[in-house]
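These are my notebook entries on two helices, the cysteines and the internal space of one model. The entries follow the order in which I looked things up.

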Amino acid sequence: MDSLTAALSSVRVTAARYPLLVTLAALLVARRLWRLKLRRLRTLPRAHERVLVLGASSGIGRAIAHEYAAAGARICIVGRRENELNLVADECANRFPKIAATWSSDRQDRVLAFSGDFSKAEDMLAVRDNLEQKWGGLDTLIVCAGVSALRPLLEVAGLERVGGAFVPPQVDVQGVQRTVAAASAAIQGNYLGPLVCAVIFIPFLSTTSRAPSILLVSSLAAVVPAPTRSLYTSSKASSLLLYQSLAIEHPSVAFSYIIPGTVEGDFRASAVDGGRVREADPNKHGLKRTVVAKRCMDMIDNGEKAVFMPVWYGRVAHFGYWLAPSLFEWLASRKYDFKAH
Ligand SMILES: NC(=O)c1ccc[n+]([C@@H]2O[C@H](COP(=O)([O-])OP(=O)(O)OC[C@H]3O[C@@H](n4cnc5c(N)ncnc54)[C@H](OP(=O)(O)O)[C@@H]3O)[C@@H](O)[C@H]2O)c1
């Protein structure tokens, strides 16, 4: 009793001396307790979770599919390349925990694969109807599909910078049309795809799951500008704000957004504007796909809203740009090896 009184009085003294510190600590503890309370696995055990990953034929989406399969969830993967998708389906089937075989008689329905375009309504309606028929609903939607764009906008239009001037000095009609075509492809892959899926899957999740969740794989480029990436950054920013707004319109669905910096892999192969890759050694550096995939799973389980990866790098870049825009513009030019003159 004496020691309890002593502890309480020392907390009181500390609180009086460092009120800000104690308030911060109390807020962190409250946040942690709130998250524990929210832990989704309590209401929805992994073996019952029905997960749809859009954009799972390669990269981060493929790693996410592996993680869910290894944890014993039911998994449906979507992408346009059928051969790649079938390989990922086999990899997922091989990763299921042995015990999962005894969970139900519908073993063959634990991994589903559909080749299709996530920006096409008919393809995604077919996915929804199949899920309804095979699983009776959906709990977790992961929107990972996306396309890159790598060139300065005026280069796409056919203008090269030589010194301080453009060659040719003005753009022609074909140049404008080429730019619009590249922008349309970026919008299709990074904005319309997420939009089509939101319209189709929000009502489906809401009516068929007791813990509906949507995770959008966004990008640091959606919140911090980058040279040679204007089409990519602007199209990714649109889908992030779309989903952030939808989260307010649909509070019964848990929305999460992962905002990673560069991730290892072949994302640049999907560039909708062609062109030369400027970064040195672009495919080997960056975050590991499996690390990003595990973090996505944690976010959904814990009901976390937005996560930057790496945390400090992302937060500093995000806030730093608004505090000191010129400094961060210079840093972005260095990162992308871009010289305006
Ligand atoms: N790599 C990075 O540095 C990085 C950094 C931050 C954020 N991200 C984001 O992470 C996500 C995944 O990128 P990643 O690095 O894993 O690249 P990736 O290996 O190229 O994966 C992209 C996936 O999206 C699918 N996809 C693209 N367009 C599609 C469409 N219209 N319909 C259906 N599926 C489509 C691709 O499959 P098919 O080609 O078979 O259709 C592929 O499975 C993207 O949204 C990207 O913006 C990437």
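Entry 1, helix α6. I took the end-to-end reach of α6, residues 121-135, in this predicted model. From its first C-alpha to its last, the 15 residues reach 21 Å, close to the 21 Å expected at 1.5 Å a residue. I then listed the buried residues of α6 and obtained M124, V127, L131 and W135. Seen down the helix axis, these buried residues fall within an arc of 50°, so they line one face of α6. I also looked at the face turned away from that buried side, where E122 and Q133 are exposed.

Entry 2, helix α5. I repeated the procedure for residues 82-95, the 14 residues of helix α5. The end C-alpha atoms of α5 are 20 Å apart, which agrees with the 20 Å that the helix should span at 1.5 Å a residue. Its buried residues are L85, V88, A89 and C92. I noted that they cover an arc of only 105° around the axis, and therefore lie on the same side of α5. On the other side of α5 I recorded N83 and N94 as exposed.

Entry 3, cysteines. C92 appeared among the buried residues of α5, and I went on to search the whole structure for disulfides, finding zero. C76 is in no disulfide, and its nearest cysteine sulfur, that of C92, is 10 Å away. A pair would have to lie within 2.5 Å to count as a disulfide. For C92, likewise in no disulfide, the nearest cysteine sulfur is that of C76. I looked up accessibility as well: C76 counts as buried because its relative accessibility is 0%. C92 is also at 0% relative accessibility and so counts as buried.

Entry 4, internal space. How many cavities of 30 Å³ or more does the structure hold? I found one. The largest cavity contains about 30 Å³ of space. I listed its lining as V143, A145, G189, N190, P194, L216, V217, K236 and S239. The elements that give two or more residues to this lining are α8 (173-208), β7 (213-217) and α9 (230-249). Of the elements, α8 gives the most, with three residues. Finally, I sorted the lining residues by character: five are nonpolar, three are polar and one is charged.

Terms used
Residues numbered from 1 in each chain as written. Predicted model: local features only at pLDDT ≥ 70, side-chain atom pairs only at ≥ 80, totals over all residues. Heavy atoms only, no water. 1 Å grid on protein atoms, 1.4 Å probe; cavity = no way out; pocket = protein on both sides within 12 Å on 5 of 7 lines; lining within 4 Å. Points joined across faces, edges and corners; volume = space filled by probe spheres on them. Helix = DSSP H or I, 4+ residues; strand = E, 2+ residues; numbered from the N terminus. Nonpolar A, V, L, I, M, F, W, Y, C, P; charged D, E, K, R; others polar. Buried < 20%, exposed > 50% of the residue type's maximum accessible area, 1.4 Å probe, protein only. Expected span 1.5 Å × (residues − 1). Arc of directions from axis to C-beta.
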